[in-house]
Amino acid sequence: MRDDAALKGEGDRYLIEGILGGDEGAFRQLVDRYGGRLTAYAARRLSGTGVDAEDVVQETFLGLLQSIQKGGERLIQVRSLEAYLFQILRNKAYDIAQKRPEAHGLRKVPLAAEDADGSVDGYDPVAAGGTPSSHARRGEESQLRRRVLADILDELISGLKEEKTFRDLKVLELLFLTTLKGRDIARAAGTSEPTVTRIKQAALERLARLAARHRLGAGGFTLPEGEEDISGLIRSVWRENLLSCLKRSTLGAFALGAIEKDWKDYVAFHLEVVRCETCAANLLDLKSEGTKESIAARERVFQSSIGFLKRAGR
Ligand SMILES: [Zn+2]
């Protein structure tokens with residue numbers, strides 16, 4: 001089944017279709033668009049481990065090529081190519097670090113399974129069980145449920161951004177993207193504990209209403225019973241899809257200081273309090289965009305991966 005709403009960006013779908021057809025130009029665009037941010041992320045996460053960031057990024061593009069070969073149609077079901085690439089990257093970094101015992105115990109290495117469920121500091125893109133291969137393992141019903149939840153969470157978050165209801169968004173990020181609890185959440189968001197509870201409740205009610213309107217959800221999507229289960233599912237889907245992550249244009253405006261005050265405050269919060277590693281990598285990449293070094297790094301990644309595209313096309 002081809003689902004027109006599946007891949008959010010038209011550009012992403014165009015790239016995947018091009019790569020499916022063995023188009024070198026499409027592959028170059030893919031590397032140009034995502035290579036820098038992935039390298040910046042890997043360099044941050046793996047610094048001090050002796051693991052080469054570019055190697056991991058090369059592995060990531062190979063992983064994507066393999067996924068495309070195995071089932072291009074299925075890949076078009078992926079909601080965000082960027083989020084998908086970050087998941088592959090983190091899995092590759094995890095695999096490589098597992099093979100290097102000296103890398104264990106270093107704070108920046110995404111290692112233990114428990115950091116996938118959010119018990120590690122900072123916000124990383126992979127959820128518990130959120131590996132690309134687990135997409136295949138998940139049952140259809142569970143995938144559908146996650147898909148509906150991703151859509152309606154996206155709608156909720158986009159709505160809060162449009163209304164500039166940043167306090168509520170901050171509370172939700174603290175609840176679902178960090179390990180902070182009650183009083184610390186209230187303090188970090190500059191509000192009270194009862195307000196935190198009220199914001200969470202209102203968000204869950206809004207999600208239930210959005211689900212009832214969703215074209216796939218109307219047939220019977222319900223949030224799981226039980227506080228823990230609801231939170232766990234939201235946490236996992238939010239992380240897997242990088243739902244509240246900032247647009248490149250917003251990060252660019254933030255870097256230039258050309259951003260209105262409310263937004264500036266929220267971007268700083270997402271980077272410094274939630275400590276989103278993906279947005280931090282995007283920001284770093286933006287700042288080095290166009291430098292000789294970053295262009296050369298992208299070229300190296302492209303050259304080291306292109307042979308696999310050619311082989312895949314045979
Ligand atoms: Zn982010």
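The largest nonpolar core of this predicted model contains 72 residues, and A42, L85, L89 and L153 are the members that touch the most other members. Residues of domain 1 (10-124 + 289-313) and of domain 2 (140-241) both belong to this core, so the core lies between the two domains. As a general background, nonpolar side chains in soluble globular proteins tend to be buried together.

Two of these core residues can be described through their contacts. When neighbours within four places in sequence are left aside, L89 is in contact with L38, Y41, A42, V56, V57 and T60. A42 therefore appears twice in this account: as a contact of L89 and, like L89, among the residues that touch the most other core members.

L153 lies in helix α6. Is L153 buried or exposed? L153 has 22 other C-beta atoms within 10 Å and is buried, because the cut-off for a buried residue is 20 or more. Not counting residues up to four places away in sequence, L153 touches L207, I234, V237, W238 and L243. One of these partners, L207, is 54 residues away along the chain, yet the C-alpha atoms of L153 and L207 are separated by 6.9 Å.

**Helix α6 and its surroundings**

Helix α6 covers residues 140-162. How does the length of α6 agree with the expected span? With 23 residues at 1.5 Å a residue, α6 should span 33 Å, and its end C-alpha atoms are indeed 33 Å apart, which agrees. The buried residues of α6 are R145, R146, R147, V148, L149, D151, I152, L153, L156 and L160. This list includes R145 and D151 as well as L149 and L153. Together, the buried residues of α6 pack against α7, α9 (193-213) and α10.

**The packing of α7 and α9**

Two packed helices are described by the angle between their axes and the distance between the axes. For α7 and α9, the angle is about 90° and the axes are 10 Å apart. The two helices are therefore roughly perpendicular to each other. On the side of α7, the contact is made by D168, V171, L172 and L175, while α9 contributes V196, I199, K200 and A203.

**Two loop residues with positive phi**

K164 and L242 are residues other than glycine, and each has a positive phi, as the table shows.

| Residue | Phi | Loop |
|---|---|---|
| K164 | near 55° | between α6 (140-162) and α7 (166-177) |
| L242 | near 50° | between α10 (227-240) and α11 (248-256) |

K164 follows α6. Which of the classes, buried or exposed, applies to K164? K164 is exposed, because 12 other C-beta atoms lie within 10 Å and the class takes in residues with 12 or fewer. L242, by contrast, counts as buried, with 21 C-beta neighbours inside 10 Å.

**The chain as a whole**

The chain has 14 helices and 0 strands. From the N terminus on, its elements therefore run as a series of α helices. Of the 314 residues of the chain, 39% count as buried. How many of the contacts between residues at least 6 apart in sequence join residues at least 24 apart? The share is 74%. The pair L153 and L207, 54 residues apart along the chain, illustrates how residues distant in sequence can have C-alpha atoms separated by 6.9 Å.

Notes. Residues are numbered from 1 along each chain as its sequence is written. This is a predicted model: local features need pLDDT of at least 70, side-chain atom pairs count only at pLDDT 80 or more; totals for chains, interfaces and linings use all residues. Helices (H or I, at least four residues) and strands (E, at least two) are DSSP runs, numbered from the N terminus. Two residues are in contact if their C-beta atoms, placed from the backbone, lie within 7 Å. A nonpolar core is a set of buried Ala, Val, Leu, Ile, Met, Phe, Trp, Tyr and Cys residues joined through C-beta atoms within 7 Å. Domain bounds come from an automatic or database domain assignment. The expected span of a helix is 1.5 Å times one less than its number of residues. Axes are lines fitted to C-alpha atoms, for helices over the stretch in contact, and angles run from 0 to 180 degrees between N-to-C directions. Angles under 35 degrees count as roughly parallel, over 145 as roughly antiparallel, 65 to 115 as roughly perpendicular and the rest as oblique.
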